[in-house]
Amino acid sequence: MKADASIPPVPLVLGLSGLIPFYVPAVALLAGLDLGGDPAFLALALAAYGALILSFLGGIRWGIAVAMEEQDAARRGYVIAVVPSLLAFAALALPPEARLWTLCGLHVALGLLDYGLVCREEAPEWFGRLRLVLSGGAALALALGAIGF
């Protein structure tokens, strides 16, 4: 897929804006700020948003798989679309620190897998770069939250 490598402004701005709900509870946990709730609630809010975003990203994968002409080749895309959401849901049952570290790892893994879409020419180059930036930002926030908890 050959196209302009620059990230379009709308996905860039919206994607970066989507990092805000990661960083508010993460920074609060790390700084020991009292936002009117107990640290366990902040950790849960951070984890819930992390799980929600993994499910959203699965929808992107599903859409790419649906558009493939050869559905046998799309099987991998369907699996990658669903498995991170299931693992994220299971991670919500873990203790807070383990939950955040698990979600951190899932975001890193899915970011790298999404970059693979570019390598296989199934997505434009800008998408891969955006996914690395956003996954790195989400993973960092989850790690900061785990450290702060």
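Mentor: A helix here is a DSSP run of H or I with at least four residues, and helices are numbered from the N terminus. In this predicted model, Leu 144 lies in helix H6, which spans residues 125-148.

Trainee: Which residues does Leu 144 touch, once those up to four places away in sequence are set aside?

Mentor: Leu 144 touches Tyr 23, Ala 26 and Leu 30. Contact means heavy atoms within 4.5 Å. As for Leu 86, 58 residues from Leu 144 along the chain, the C-alpha atoms of the two are separated by 23 Å.

Trainee: What makes the packing of H1 and H6 roughly parallel?

Mentor: Helix H1 (residues 9-17) packs against H6 at an angle of about 15°, with the axes 10 Å apart. Angles under 35 degrees count as roughly parallel, and H1 and H6 are therefore roughly parallel to each other. The crossing of H1 past H6 is right-handed.

Trainee: Which residues make that contact, and how do they divide by class?

Mentor: H1 supplies Pro 11, Leu 12, Gly 15 and Leu 16, while H6 supplies Trp 126, Leu 130, Val 133 and Leu 134. By class there are seven nonpolar residues, one polar and no charged. Gly counts as polar, so Gly 15 of H1 is a polar member of the contact.

Trainee: Why are H2 and H3 described by the opposite term, roughly antiparallel?

Mentor: The axes of H2 and H3 cross at roughly 155° and come within 9 Å. Angles over 145 degrees count as roughly antiparallel, and the term therefore applies to H2 and H3. H2 passes H3 in a left-handed crossing.

Trainee: What does each of these helices bring to the contact?

Mentor: Pro 21, Phe 22, Pro 25, Ala 26, Ala 28 and Leu 29 of H2 meet Pro 39, Leu 42, Ala 43, Leu 46, Tyr 49, Gly 50 and Ile 53 of H3. The residues divide into 12 nonpolar, one polar and no charged.

Trainee: How do you know the relative direction of H3 and H4?

Mentor: Helix H3 (residues 39-67) and helix H4 (residues 71-91) pack at about 170°, with their axes 8 Å apart. The cut-off is over 145 degrees, so H3 is roughly antiparallel to H4. From H3, the contact includes Ala 51, Leu 54, Gly 58 and Arg 61, and from H4 it includes Gly 77, Tyr 78, Ala 81 and Ala 88. This contact comprises 12 nonpolar residues, five polar and one charged.

Trainee: What makes a set of residues a nonpolar core, and which elements contribute two or more residues to the largest one here?

Mentor: The members are buried nonpolar residues of listed types, joined through side-chain atoms within 4.5 Å. The largest such core has 40 residues, and those with the most contacts inside it include Phe 22, Leu 54, Ala 88 and Leu 100. H2, H3, H4, H5 and H6 each give two or more residues, and H3 gives the most, with 11. Beyond four places in sequence, Leu 100 touches Ala 43, Leu 46, Ala 47, Leu 142, Gly 145 and Ala 146.

Trainee: Are the charged residues Arg 131 and Asp 114 buried or exposed, and how do you know?

Mentor: Buried means under 20% relative accessible area. Arg 131, in helix H6, has 4% and therefore counts as buried. Asp 114, in helix H5, has 2% and is therefore buried as well. Beyond four places in sequence, Arg 131 is in contact with Leu 57, Leu 110, Gly 111 and Asp 114, and Asp 114 with Arg 61, Phe 127 and Arg 131.

Trainee: Why does Ile 147 receive the class it does?

Mentor: Exposed means over 50% relative accessible area. Ile 147 has 56%, so it counts as exposed. This residue is found in H6 and touches Leu 30 and Trp 101, neighbours up to four places away in sequence not being counted.

Trainee: What makes Glu 121 worth a remark?

Mentor: Most residues other than glycine have a negative phi. Phi of Glu 121 is near 60°, a positive value in a residue other than glycine. Glu 121 is found in the loop between H5 and H6.

Technical notes
Residues numbered from 1 in each chain as written. Predicted model: local features only at pLDDT ≥ 70, side-chain atom pairs only at ≥ 80, totals over all residues. Heavy atoms only, no water. Axes fitted to C-alpha atoms, helices over the stretch in contact; angles between N-to-C directions. Parallel < 35°, antiparallel > 145°, perpendicular 65-115°, else oblique. Buried < 20%, exposed > 50% of the residue type's maximum accessible area, 1.4 Å probe, protein only. Left-handed = near helix turned anticlockwise from the far one by under 90°.
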